[in-house]
2 protein chains.
Amino acid sequence: MSAQLIRGIPEVRGALARARREAKIIGLVPTMGALHAGHGRLIETARRECGSLAVSVFVNPIQFNRADDYERYPRTLDADLRFSEALGADIVFAPEISAMYPCPQRAYVDVEVLTDGLCGKFRPGHFRGVATVVMKLLNIVQPDRAYFGEKDAQQLAVIRRMVHDLDMPVAIVAVPTVREPDGLALSSRNRLLSPEERSAAPALYQSLQAAARLVAQGARNPEEVKREALAILARQPRMRVEYFEVVDPGGMQPVAEIRGAVLIAAAVWLGPTRLIDNLLACKNEQS
Amino acid sequence: MSAQLIRGIPEVRGALARARREAKIIGLVPTMGALHAGHGRLIETARRECGSLAVSVFVNPIQFNRADDYERYPRTLDADLRFSEALGADIVFAPEISAMYPCPQRAYVDVEVLTDGLCGKFRPGHFRGVATVVMKLLNIVQPDRAYFGEKDAQQLAVIRRMVHDLDMPVAIVAVPTVREPDGLALSSRNRLLSPEERSAAPALYQSLQAAARLVAQGARNPEEVKREALAILARQPRMRVEYFEVVDPGGMQPVAEIRGAVLIAAAVWLGPTRLIDNLLACKNEQS
């Protein structure tokens, strides 16, 4: 079983036209490459649910608010192709920048309110770039189902809202975060960490777990939950906290009081590398 | 031959699914209703080119920057249904506002630069509302071809750019403006004119024609062209000019010097009613 590497937009449309005529369910896993086991779970999930499966690999310049981040972002197309093929992808769509942005981009998708906080506050223009490129990829591939990781919780909420508000004919499927044995969420950026930074990194997940435990025990005050979590992060001298928030899972707005399910989300810096993670939490009715 | 009136989004998708399975070319004529012979030409053109034809009728609240304009906008659904049916439409899709905007809209399509001038300057938010609702209608109906009138030249340019930049799988077809015998471009707003305003209205087209004549004769200076056209409009005491511009037809930017084809576009007020019109012009090589 071999996956087809496709570079051009007309070519990928042509390749999928046959699957569409055969009424196969078409799946898309949009990625920026540097694939790891987290992407692997997306691809495996999609493979089980779809008759024809495309993985896109495109490091999207318009979602990077920092040029150095864009330049440092790992690029491993050969490995990505083999990885996708091994998990059963039919097509790896890896367009050139000139195919995706052939002339100055004038049309953008903006999702308001949901992008005000969390990563949106610290990465101006990021979610506009994400929503716009996902819109483009969905319009090119026209999948029935598209798969996104829960690790990027705000991105997932933004895309779900885009699809809902703009009546896009696609189902968005969320796939759980994959973690290292020590709890660190898999991310293409993890390979940029020095050994010292890598050993400090699991504190991020530990702080989320501590916060989730408090919520499970019935904590109502988000400030109290944040205080305890931030104390855990403060023990890592290499780590700088960008944000730590307790928000409602649909709208991504900070909650004044914890009732029902909340999303606990954080971003930290380790040297020049930014890591994000999140956990859904709610009161444990047995406690 | 009878057209089917459909109110719901799932229902219109279902009705078109059969046409799609039969590999018919699906056409969409998006309108705000109050259909006139200008829409008639859109529907007739689409009917010739498509195996299955939907006309949408939806007065889109988010593209009105003035509440009074939205409230005064004519609504004639029964007549629109008969009109569409007589011209061979298969489906008239007339959704309720609550179907199109079931919860607060957060996702929008923004087209930059092309919307800075002309109507975009005087109707803040208008083209965001237009692009967003057209995106929604295209995603609901999923036509192969969608038809727009050249009378709304900036709207046409915005939609073409949206479709291009966001890789939407639809062909946008432009249909020439239909005019009254005295030159007034057909518009749903014409029926709001008093008899006195109606008799002043043809000056708009006359001013565009005068400008186009100067361009045909080789005028290079847009200010000179505008001066002559504005003198014609100034003879109508009831008419207030909102803008009169000479722009490039693709990007909608004012030109400093007229070379090649230009779009001459104007908006005027007659009492509480705003009228727009435009003409494409270029130097007559015989002159």
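**Entry 1: a residue in a loop of chain B**

I began with B:Ala23, which counts as exposed because only 8 C-beta neighbours lie inside 10 Å of it, where 12 or fewer is the limit for that class. I note at the outset that the model I am reading is a predicted one. When I looked up where B:Ala23 sits, I found it in the loop of chain B that links helix H1 (9–21) to strand S2 (26–31). I then checked its backbone and noted a phi near 60°, a positive value in a residue that is not glycine. For most residues other than glycine, phi is negative.

**Entry 2: a positive phi in chain A**

I next turned to A:Asp167, whose phi is near 55°, again a positive value in a residue other than glycine. This residue belongs to the loop between helix H8 (153–165) and strand S7 (171–175) of chain A. Is A:Asp167 buried, partly exposed or exposed? I counted it as partly exposed, because it has 19 C-beta neighbours inside 10 Å, and a residue is buried if there are 20 or more.

**Entry 3: a glycine in strand S6 of chain A**

I looked up A:Gly149 and placed it in strand S6 of chain A, which covers residues 145–149. It counts as buried, with 22 C-beta neighbours inside 10 Å. Leaving aside residues up to four places away in sequence, I listed its contacts as A:Gly38, A:Leu42, A:Val175 and A:Thr177. I also took the separation from A:Val29, which is 120 residues away along the chain, and found 9.6 Å between the C-alpha atoms of A:Val29 and A:Gly149.

**Entry 4: chain A as a whole**

For the overall picture of chain A, I recorded a secondary structure of 11 helices and 10 strands. Its radius of gyration is 19 Å, close to the 19 Å expected from the globule rule for 287 residues, so I noted chain A as being as compact as a globular protein of that length. Along the principal axes, the C-alpha atoms of chain A occupy a box of roughly 55 × 40 × 40 Å. Of the 287 residues in chain A, 45% are buried. I also looked at how far apart in sequence the contacting residues are: among the contacts in chain A with a separation of 6 or more, 72% join residues 24 or more positions apart.

**Entry 5: the sheet S8-S9-S10 of chain B**

Back in chain B, I traced an open sheet of three strands, in the order S8-S9-S10, with antiparallel pairing. Its edge strands are S8 (239–247) and S10 (273–281) of chain B, each of which pairs on one side only. Neighbouring strands of this sheet are turned against each other by 15° on average, with direction ignored. I followed the pairing between strand S9 (262–270) and S10 of chain B, where the two run antiparallel and are joined by nine bridges. Within S10 of chain B, the residue opposite B:Val262 is B:Ala281. I then looked for what lies over the sheet and found helix H10 (203–216) of chain B, which lies across S8, S9 and S10 of chain B and runs at about 20° to S10(B).

**Entry 6: where the two chains meet**

Which elements of chain B each supply at least two residues of the side that touches chain A? The contact takes 23 residues from chain B and 23 residues from chain A, and on the chain B side I found strand S5 (107–111), helix H7 (126–141) and helix H8 (153–165) each supplying at least two. The largest share of that side, five residues, comes from S5(B). By residue type, I divided the chain B side into 13 nonpolar, three polar and seven charged residues.

I followed S5(B) further and found that strand S5 (107–111) of chain A pairs with it in the antiparallel sense, over five bridges. In this pairing, A:Asp110 stands opposite B:Tyr108. S5(B) is mostly covered, since four of its five residues are buried.

**Entry 7: the relation between the copies**

Last, I compared the two chains by superposition, and chain B can be laid on chain A with an RMSD of 0.0 Å by a turn of 180° and a shift of 0.0 Å along the axis. The two copies are therefore related as by a two-fold rotation axis. Which C-alpha of chain B is nearest the axis? I found it to be that of B:Val109, 2.3 Å from the axis. The same surface serves both copies, as 100% of the contact residues of chain B recur in chain A.

Notes. Residues are numbered from 1 along each chain as its sequence is written. Chains are lettered from A and ligands numbered from 1 in the order in which they are written. This is a predicted model: local features need pLDDT of at least 70, side-chain atom pairs count only at pLDDT 80 or more; totals for chains, interfaces and linings use all residues. Two strands pair if DSSP finds at least two bridges between them. Axes are lines fitted to C-alpha atoms, for helices over the stretch in contact, and angles run from 0 to 180 degrees between N-to-C directions. Two residues are in contact if their C-beta atoms, placed from the backbone, lie within 7 Å. Ala, Val, Leu, Ile, Met, Phe, Trp, Tyr, Cys and Pro count as nonpolar, Asp, Glu, Lys and Arg as charged, and the others, Gly among them, as polar. Copies are superposed by least squares on the C-alpha atoms of residues with pLDDT of at least 70 in both. The radius of gyration is taken over C-alpha atoms; the globule rule is 2.2 Å times the number of residues to the power 0.38.
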